[in-house]
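Please look over the sequence and the structure shown here before reading the report that follows.

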Amino acid sequence: MVKTAVEVKNLRKVYRLGQEKVVALDKVSFNINVGEICCILGTSGSGKSTLLNMLAGLEKPSRGTIKLFGKNIEKMDERQLARFRQKYLGFIFQSYNLLPALTALENVSLPLVFQGINRSLRDQKAAKILTAVGLATHTRHKPSQMSGGQQQRVGIARAFVNQPPLILADEPTGNLDSNTTREIMQLMVEMAQTHQQTLIIVTHDRDVAAYAEKIIHILDGNIENIEILSPKGEEL
Ligand code: ADP
Ligand code: MG
C-alpha cells in the first residue's frame, strides 16, 4: 500500500514589506508518497525556498494545510515543531552549513547529541555514515580542508545519520560543478532509497530534477504541472 509522506493543500504565503504585498505562493496542493524522490523545479524567485521552509515548519502558511506523516505541522507550536524536526526531518543546504571549527566526524555526530545518544555510539554512527558517503579517510578533516563536493558529502551524512523519514534539500548542488553534481545526486538518491526515506530537492536545474520520480514545476508561486518520471529518469 502506498503511504503519503507529504500532503499539502491550498497553500498560500503572503509576505508584507511595508505597504507592499508579495504573494510568494498561492493555491499550492500536492502529495508526495513515502519513499518518493521529488524535485521542486523553478526559476529564481518562483517560491521554492518559501515552500521548503514551510514544509520544514520554519515559516507559517498564510492559508492552507501541511500534513507530514499524518501530522498537521501548521498547527504545531515552536516546541512541538522543534521536537517534530528532530525526529522526522533532515536538512541539506546549498552552502553546506557545516560548523567550521568541527571535524567531519563532529559535524555529523552533532544531531545525535540532541537525541541523547552517548559519545561512543555517536562516533560509531558518524564514522559509519561517513564511510558510506566515501569519506572514511576524512573523518578528522575540517570543512576548510575539504572540497565543496566533500563538504556536501559531510552535509548529506549529517542529514541521514539519524535516519529521518523525510530529507529536505534546498539547491544542494547549487555550488558544485556538473560532475560533482552528478555524484552528489546519485549519492542522495541511493541513500534515500536504502531506507525508503522520502527526499525533496529544490532546484532550478533540469539535470538535477531528472533524478526525481516526481517533478513539481513551480512558476510565480503556482504549480504549473506535476510530472511523473519512471525510476530511471526517463519520461513516461
Ligand atoms: P526561490 O527559492 O524560488 O528563489 P523564494 O521562495 O526565495 O524563491 O522567494 C519567492 C518570492 O517571495 C520572491 O518574490 C521573494 O522576493 C519573496 N520573499 C521570500 N522571502 C521573503 C521575505 N522574508 N520577505 C518578503 N518577501 C520574501
Ligand atoms: Mg531559493
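In which hand, left or right, does α5 pass α6 in their crossing?

## The helix pair α5 and α6

In this predicted model, the crossing in which α5 passes α6 is right-handed. Helix α5 spans residues 148-160 and helix α6 spans residues 178-194, and their axes, which come within 10 Å of each other, cross at roughly 15°. Because angles under 35 degrees count as roughly parallel, α5 is roughly parallel to α6.

## The shell around ligand 1

Ligand 1 is surrounded by Tyr15, Leu17, Val22, Ala24, Thr43, Ser44, Gly45, Ser46, Gly47, Lys48, Ser49 and Thr50. By class, this shell divides into 7 polar residues, 4 nonpolar residues and 1 charged residue.

At least two residues of the shell come from each of β1 (4-17), β2 (20-33) and α1 (48-55), and the element that gives the most is α1, with 3 residues.

## Polar contacts and burial of ligand 1

Oxygen atoms of ligand 1 have polar partners in both the backbone and the side chains of the protein. A polar backbone atom of glycine 45 is 2.7 Å from an oxygen atom of the ligand, while a polar side-chain atom of serine 49 lies 2.9 Å from an oxygen atom of ligand 1. In threonine 50, an N or O atom of the side chain is 2.6 Å from an oxygen atom of ligand 1. Taken alone, ligand 1 exposes 570 Å², of which the protein buries 62%.

Note on methods
Residues numbered from 1 in each chain as written. Chains lettered and ligands numbered in written order. Predicted model: local features only at pLDDT ≥ 70, side-chain atom pairs only at ≥ 80, totals over all residues. Heavy atoms only, no water. Near = heavy atom within 4 Å. Polar contact = N/O pair within 3.5 Å; in protein donor to acceptor, adjacent residues only side chain to side chain. Areas by Shrake-Rupley, 256 points an atom, 1.4 Å probe, with all protein chains shown as cover. Helix = DSSP H or I, 4+ residues; strand = E, 2+ residues; numbered from the N terminus. Nonpolar A, V, L, I, M, F, W, Y, C, P; charged D, E, K, R; others polar. Axes fitted to C-alpha atoms, helices over the stretch in contact; angles between N-to-C directions. Parallel < 35°, antiparallel > 145°, perpendicular 65-115°, else oblique. Left-handed = near helix turned anticlockwise from the far one by under 90°.
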